[in-house]
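Here is a short set of exercises to work through with the viewer open. Try each task before you read its solution.

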Amino acid sequence: MTMTHSLFAPHALLTTGWADNVLLQWDERGRLIQVQAHSTPDTTVPTATGPVVPGLPNLHSHAFQRAFAGLTEYRGQAQDSFWSWRTLMYQFANRITPDQLLAIATWLYIEMLEAGYTSVCEFHYVHHDQNGQPYADDATLAHCLLQSARQTGMGLTLLPVLYQTSGFGATPPNDGQRRFVRTTDNMLRLLERLTPTAQAQGARLGLAPHSLRAVPPEALAAAVSGMHAIDPNARIHIHIAEQTAEVDACLAWSGQRPVEWLLNHAPVDQRWCLVHATHMTPDEYRRAALSGAVAGICPSTEANLGDGLFDMPLWRSHGGAWGVGSDSHATVNAAEELLLLEYGQRLQRQQRNVLATPDQAHVATAMTQQAVQGGAQATGRPVGGLAVGQQADFVELDARHVALAGLTATDMLSAHVFACHRTSAVQHVWVGGQPVVHNGRHALHEQAAQAFVTARHTLVAGS
Ligand SMILES: [Zn+2]
């Protein structure tokens, strides 16, 4: 046993629940090789002062959108909607440069780590230069994201996005989408080329067909089977049924709703993540949950865009897996996403503690465990919490934070999620056994913040 590969936690949330006196040990690769509850305190091992909880996977991110979070909060027309927001988003997407993306993603991943996320699934769809032409190395922007994750220590599942059409029925892409478009073969070659770089840093590659609007049926089938020929276990993420307009357009095109169509035409299973899946019928809830796919819920973005509410109790009644994503980064805070998710369910049902389970009455604990498990499934990486064989990705909460001090470990996690009042109780964070956040700060915090502010200033000035 060496000092740098172990931690003694007086209280830790394991995959089996809360446990006392837990000795965590990990190997050179950062994988947990021992998770021993009821062990004897050992003065030679570093000891946590606050409760240790698993880091949360962030299963849906568009990094560049961090640069305009907060800048679309004004009314532009009589009834603002997702679609008017998208117009503004395209204006940013069409200006961003590789250096700006690097600065924005690096800062974003630092914010995520400092807020308790230890992995991210990056749904990456700006591929080409401002004129829609491939860069000399047409993986330039993907490499920026890999570099941001590498520099910050963030665990990454990179999901290059397939985007080919502007609507159902193979409508050609519009001018605002020219930086997104790749052919299916071009996408598969990109994935092959990125594989060595991704593997070298422990990142995972997957495929993101953007949506049924943006990928025609033949391309969807070819891309998914091509991805699985490269890597049979690769994850497939897709935006689906986020907006009622999308449901109506899909019905007009096919006579079927988006989730219904997908389940009828694609081999959806536990390798898939259905991002949002907001607008489903009870039968779609049942079939999608039973497929084994993860529901990718993005509570702050869905609230920000006025998407609607997912019916989590119905999803859970069918054993559905789920995780959370920060998506457009209106909020970058793992605890706050859980709070918003539970509060949405409370408001809709006029009940409290909706996502508690028969086994776990404490809703923050129950949600953390489910979001880690489902989130890990969506990443395709071994980041499923504190158990042997999983990565040593964990967070030590600040037991001296006024919202937590003097409470039991279970209540500290509740306070972290429900009563921190937008302050942070994240004290230290480890990814793959490496300390990446110390006393709430990442080592690159100051310089990355400055680079982000500069990049955003340039982007906003150009608008
Ligand atoms: Zn998204």
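Two strands count as paired if DSSP finds at least two bridges between them. Keep in mind that this is a predicted model.

**Exercise 1. Trace the strand pairing around Gln25, and find its bridge partner in strand 3.**

Step 1. Begin with strand 1 (residues 6-14), which pairs with strand 2 in the antiparallel sense over 8 bridges. One of the residues to look for is Ser6, whose bridge partner in strand 2 is Gln25. The two strands form a hairpin, with 2 residues between them.

Step 2. Move on to strand 3 (residues 32-36). Strand 2 pairs with strand 3 in the antiparallel sense too, over 4 bridges, and in strand 3 the bridge partner of Gln25 is Gln34. Gln25 therefore has bridge partners in strand 1 and in strand 3.

Step 3. Look at the turn. Strand 2 and strand 3 form a hairpin with 5 residues between them, and Gly30 in this turn has a positive phi of about 85°.

Step 4. Check the burial of strand 2 (residues 17-26): 7 of its 10 residues are buried, so the strand is mostly covered.

**Exercise 2. Is strand 11 largely enclosed or largely open, and why?**

Step 1. Count the buried residues, using under 20% relative accessible area as the cut-off. In strand 11 (residues 272-276), 5 of the 5 residues are buried, so the rest of the structure largely encloses this strand.

Step 2. Find the neighbours. Strand 10 (residues 236-240) pairs with strand 11 in the parallel sense over 5 bridges, and strand 11 pairs with strand 12 (residues 294-297), again in the parallel sense, over 3 bridges.

Step 3. Pick out Leu274. This residue of strand 11 is the bridge partner of Ile238, and its own partner in strand 12 is Ala295.

Step 4. Follow the chain from strand 11 through helix 8 (residues 282-290) to strand 12: this β-α-β crossover is right-handed.

**Exercise 3. How many disulfides are there, and where does Cys144 stand?**

Step 1. Apply the cut-off: the two cysteine sulfur atoms must lie within 2.5 Å. The count comes to 0 disulfides.

Step 2. Take Cys144 as a case. The nearest cysteine sulfur is that of Cys121, 19 Å away, and Cys144 is in no disulfide.

Step 3. Add accessibility. Cys144 is buried because its relative accessible area is 8%, and Cys420 counts as buried at 7%.

**Exercise 4. Which residues and elements line the two largest cavities?**

Step 1. Start from the total: the structure holds 3 cavities of 30 Å³ or more. The largest has a volume of about 200 Å³. Its lining has 22 residues, and the closest to its centre are Phe82, His210, Arg213, His239 and Glu242.

Step 2. Assign the lining to elements. Helix 1 (82-93) and strand 10 are the elements that give two or more residues, and helix 1 provides the largest share, 5 residues. By class, the lining has 9 nonpolar, 8 polar and 5 charged residues.

Step 3. Turn to the second largest cavity, with a volume of about 120 Å³. Of its 15 lining residues, Val53, Pro54, Ala334, Thr368 and His416 are the closest to its centre. Strand 4 (52-54), helix 11 (334-349) and helix 13 (409-418) each supply at least two lining residues.

Step 4. Finish with the classes: this second lining has 11 nonpolar, 4 polar and no charged residues.

How values were computed:
Residues are numbered from 1 along each chain as its sequence is written. This is a predicted model: local features need pLDDT of at least 70, side-chain atom pairs count only at pLDDT 80 or more; totals for chains, interfaces and linings use all residues. Side-chain values use heavy atoms; hydrogens and water are left out. Buried means under 20% relative accessible area, exposed over 50%, partly exposed in between (1.4 Å probe, protein chains only). A crossover is right-handed if, with the strands pointing away from the viewer, the path from the first strand over the helix to the second runs clockwise. On a 1 Å grid over the protein atoms alone, a cavity is a set of points where a 1.4 Å probe fits but cannot get out, and a pocket is an open set with protein on both sides within 12 Å along at least five of seven lines; lining residues have an atom within 4 Å of a point. Grid points are joined across faces, edges and corners, and a volume is the space filled by probe spheres set on the points. Ala, Val, Leu, Ile, Met, Phe, Trp, Tyr, Cys and Pro count as nonpolar, Asp, Glu, Lys and Arg as charged, and the others, Gly among them, as polar.
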